[in-house]
Amino acid sequence: MRFQKIVVLTGAGLSAESGLGTFRDKGGLWEEFDLEAVATPEGFARDPARVHDFYNLRRQRLGTAKPNAAHVALARLEREHKGHVLTVTQNVDPLHEAAGSKNLIHMHGELGRVLCAACGASVAWVCDLSTATACTACGKAGAMRPDVVWFGESPRDMDRIYEALLVSDLFISIGTSGSVYPAAGFVAEARAAGAHTIELNLEPSEGASLFAEAHYGPATKIVPSYVERLLRA
Ligand code: OAD
């Protein structure tokens, strides 16, 4: 294969065909819910119960969601590629790992984990959270929050991500609108490192002109066929 070091960035479009909603498409989550109210530290401080309701609903929806052909193809790429593959997802669902991806960064956190603001413990969580939930590590009640990154907070593992982008020779962006930084800036970092850049999306994203190559269509069709070509090259 022509490429050795691959960084894959994924967004909500990758999980859309698994039945999980996107944010900015027609009927997306930010049409139905107020981003400021449910996805910022200020919103949580103002009305934690409202924020818990939003994430409880999303956590419940995870229950039935299964990885689709695009998640499976990316896990295959990691397994079969002779070089290095890092998958960075903005998604808080567990579908990459369910499909078998191992070298994975959840840069916006995970819906299946909760964080205690009192002791800092992050624990796996499947039930609903409320303002009265006690921490299973320190016992304090009322300090639990979803272990996700809100607007105004720092995404996770950024040093590792930038290190990988710096040495990458292929950057693939899949199912993301390219409207939220820092992820939207990764394509520029990869280009500066000399990487070939590819967008795989339903339609051109906001940053479409920054990519050297693009394929448009549903992720379950275009990702498996792209991975197949890449592994054969
Ligand atoms: P968006 O909802 O902004 O964008 C989803 C993208 O996926 C759009 O460009 C769609 O065209 C595309 N898409 C939809 N269905 C698809 C399909 N079946 N196959 C391929 N592409 C498809 O979601 P993100 O870019 O992931 O952050 O949003 C980035 C961040 O904004 C999220 O992580 C979240 C959100 O607010 C936080 O909550 C911090």
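Q: Where does the second largest pocket lie with respect to domain 1 and domain 2?
A: A pocket is an open set of points on a 1 Å grid over the protein atoms alone, with protein on both sides within 12 Å along at least five of seven lines; lining residues have an atom within 4 Å of a point. Domain bounds come from an automatic or database domain assignment. Here the second largest pocket lies between domain 1 (5–18 + 67–108 + 154–232) and domain 2 (21–64 + 124–148), because both give residues to its lining. This is a predicted model: local features need pLDDT of at least 70, side-chain atom pairs count only at pLDDT 80 or more, and totals for chains, interfaces and linings use all residues. Residues are numbered from 1 along each chain as its sequence is written, and side-chain values use heavy atoms, leaving out hydrogens and water.

Q: Which residues line the second largest pocket, and what volume does the second largest pocket have?
A: A volume is the space filled by probe spheres set on the grid points, which are joined across faces, edges and corners. The second largest pocket holds about 150 Å³. Its lining has 13 residues, with L62, P94, L111, G112 and W125 nearest the centre. Helices (H or I, at least four residues) and strands (E, at least two) are DSSP runs, numbered from the N terminus. Strand β4 gives the largest share of this lining, three residues.

Q: How many residues surround the ligand, and which are the closest?
A: A residue counts as near a molecule if one of its heavy atoms lies within 4 Å of it. For this ligand there are 24 such residues, and A12, F23, R24, T176 and S177 are the closest. Helix α1 (residues 12–16) supplies the largest share of the shell, three residues. The ligand, too, lies between domain 1 and domain 2, since both give residues to its shell.

Q: Which side chain has a polar atom 2.9 Å from an oxygen atom of the ligand?
A: A polar contact is a pair of N or O atoms within 3.5 Å. The side chain is that of N201. In E203, a side-chain N or O atom is 3.2 Å from a ligand oxygen. Q90 uses a backbone N or O atom, 3.2 Å from an oxygen of the ligand.

Q: How many cavities of 30 Å³ or more are there?
A: In a cavity, a 1.4 Å probe fits but cannot get out. There is one cavity of 30 Å³ or more. The largest cavity has about 80 Å³ of space, and 13 residues line it, including S173 and F211.

Key
Polar contact = N/O pair within 3.5 Å; in protein donor to acceptor, adjacent residues only side chain to side chain.
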